[in-house]
Amino acid sequence: MDKKNTKKPSFLFIGRSDEPILSKKNRKLLTDPLDDNNPITVQVLGICSALAITVQLKPAVVMTMSVIFVMACSNVIISVLRNLIPNRIRIIVFLVVISSLVALVDQFLKAYAYDVSKELSIFIGLIVTNCIVMGRLEAFALGNGVWKSFLDGIGNAIGYGIILIIVAFFRELFGAGTLWGIQVIPDFIYEEYGYVNNGFMLLSPMALITVGLIIWIQRSRNRTLIEEN
Amino acid sequence: MLEQYLNLFVKSIFIENMVFAYFLGMCSYLAISKTLKNGVGMGFAVIFVLTITVPLNYLIFEYLLSDGALAWIGPEYAELDLSFLSLIMFIAVIASMVQLVEMIVEKFSPALYGSLGIFLPLIAVNCAILGGSLFMQIKDFSGVSEAAVYGFGSGVGWFLAIVGIAAIREKIAYSNIPAPLRGLGITFIITGLMAIGFMSFMGIKL
């Protein structure tokens, strides 16, 4: 059979080079940011919002979902337009694309999840200047195809979300004894053993220290990430 | 009157410190604090840009975007509420102001440009700047001078934070830290400790 005829039709440049949609290389794009190339602990991107909204699990999850949406869409849009954007004004083009997407998320949350949106206050707006989105657009979407950029966006947003959820999990568990607003530490532990919630976990310094400890654990597991001081 | 401004100023520097209380501008804070000289340069650039953009955005929000702000054009515009545009407007103002400031500084003070120049473009994506404007929108200031004082105070707070951490990081280069904690990890923990220190200012009122 002629090889040309078996070629799959390409949709939006996906699989143009006869690459399966989830080839090894593409899968790596998705899984790398989860650990080895994590946006927060390794690339040092997007820390501002990661710390501020991790007091409870729920806002952290909502934030993660918003970032996944914004990153996937903006990576795809910039990657589609990448040959049309003049180099000198690329930052402004990025900002326009990102801020329209973020305004969309902001209005959506205000309409359907008002209490969470109140809690996140300005931090949804701050996704615009979240360096993860900007950094990945600049470093990846500007030079790669649509499908790859989409995977990269999703991967990095999930990598960001994992750290967010881990930090929020510990802060809410130790700080308030609840998870997702539901009490998980039973009453008798408080009453019989005199256990007290550590309210300090809810304050901002502990977010920084928790992330510091996560970095410590990650780097002692994965020694290639250790920095020369 | 003066007392009120002073109170706002002290509050925005110490109690509502951009870095320690809201974690704004952490990315550049971590990236540029390796040496004291760079830290000082970036700190001044942030003070500069915040002092300009917060009052500017206040005027734009107050007279163009907020609910019923357009009433000064004519009664038929009184019901418009353009506040959903504020995010895009703020970021546009910040990006263009940064560009403008960069050009002005380059023209009139090459020496200052030499030390601030590379930091200015970074500032357009510094969350502390946009955060200042967004907090201004929430806080509902009564006048443009209050917004200016708030912008300046937040800038000074950020400056103090980055100068502090840069000085500590320069010293810490000589100490023996566990290898996995070197660099980023220890910086996070030190910032946490500094934030605990800044918490002691809580409740101060002039």
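Let me begin with chain B, where residues 24 or more positions apart account for 75% of the contacts with a separation of 6 or more. I should say at once that what we are looking at is a predicted model, and everything that follows should be heard with that in mind.

Staying with chain B for a moment, its secondary structure comes to nine helices and zero strands, and so the pattern, read along the sequence, is simply α-α-α-α-α-α-α-α-α. The C-alpha trace of this chain spans about 70 × 45 × 35 Å along its principal axes, and of its 206 residues, 51% are buried.

Chain A can be described in the corresponding terms. It has 10 helices and two strands, and if you follow the sequence you meet them in the order α-α-α-α-α-α-α-α-β-β-α-α. Of the 229 residues in chain A, 47% count as buried, and among its contacts with a separation of 6 or more, 74% are between residues 24 or more positions apart.

Let me pick out one position by the strands of chain A, namely A:Pro186, which sits in the loop between β2, residues 182-183, and α9, residues 187-193. Is this proline buried, exposed or partly exposed? With a relative accessible area of 34%, A:Pro186 is partly exposed, because that value falls between the 20% limit for buried and the 50% limit for exposed. If you compare its position with that of A:Leu151, the two are 35 residues apart in sequence, and their C-alpha atoms are 41 Å apart in space.

Now I would like to turn to how the two chains meet. In this model, 42 residues of chain A are in contact with 42 residues of chain B, and between them the chains bury about 3,500 Å², of which 82% is on carbon and sulfur atoms. What, then, does the rule find across this interface in the way of salt bridges? The number of salt bridges between chain A and chain B is zero, and the count of residue pairs in polar contact, with both residues at pLDDT 80 or more, is one. On the side of chain A that touches chain B, the helices α3 (47-52), α5 (90-112), α7 (131-139) and α10 (204-221) each supply at least two residues. The largest share, 12 residues, comes from α10 of chain A. Sorted by character, the residues on that side of chain A divide into 27 nonpolar, 12 polar and three charged.

That leads me to the nonpolar core. The largest one has 110 residues, and those with the most contacts inside it are A:Leu51, B:Leu24, B:Met26, B:Tyr29, B:Trp158 and B:Phe188. Let me take B:Met26 as an example from that list. Which residues does B:Met26 contact, once its neighbours within four places in sequence are left aside? From chain A there are A:Ile47, A:Cys48, A:Leu51 and A:Leu208, and from chain B there are B:Val19, B:Phe188 and B:Thr191.

Finally, the salt bridges, of which the structure holds four over all chains. In chain A, the side chains of A:Asp152 and A:Arg136 meet in one of them, at 3.1 Å from N to O. This pair links distant parts of the chain, with A:Asp152 in helix α8, residues 146-176, and A:Arg136 in helix α7, the two being 16 residues apart. Both A:Asp152 and A:Arg136 are buried.

In chain B, the salt bridges involving B:Glu16 deserve to be taken together, since B:Lys11, B:Glu16 and B:Lys139 are linked in a network. B:Glu16 meets B:Lys11 at 3.9 Å, N to O, and B:Lys139 meets B:Glu16 at 2.6 Å, again N to O. B:Glu16 counts as buried because its relative accessible area is 16%, under the 20% limit. B:Lys139, by contrast, is partly exposed at 27% relative accessibility, and B:Lys11 is likewise partly exposed, with a relative accessible area of 37%. The pair of B:Lys139 and B:Glu16 links distant parts of the chain, 123 residues apart, with B:Lys139 in helix α7, residues 127-139, and B:Glu16 in the loop between α1 (2-15) and α2 (26-31).

How values were computed
Residues are numbered from 1 along each chain as its sequence is written. Chains are lettered from A and ligands numbered from 1 in the order in which they are written. Side-chain values use heavy atoms; hydrogens and water are left out. A nonpolar core is a set of buried Ala, Val, Leu, Ile, Met, Phe, Trp, Tyr and Cys residues joined through side-chain atoms within 4.5 Å. Buried means under 20% relative accessible area, exposed over 50%, partly exposed in between (1.4 Å probe, protein chains only). Contact means heavy atoms within 4.5 Å. Buried area is the accessible area (1.4 Å probe) that two parts lose on being put together, summed over both. A polar contact is a pair of N or O atoms within 3.5 Å; within protein, one must be able to donate a hydrogen and the other to accept it, and residues adjacent in sequence count only if both atoms are side-chain atoms. Helices (H or I, at least four residues) and strands (E, at least two) are DSSP runs, numbered from the N terminus. Ala, Val, Leu, Ile, Met, Phe, Trp, Tyr, Cys and Pro count as nonpolar, Asp, Glu, Lys and Arg as charged, and the others, Gly among them, as polar.
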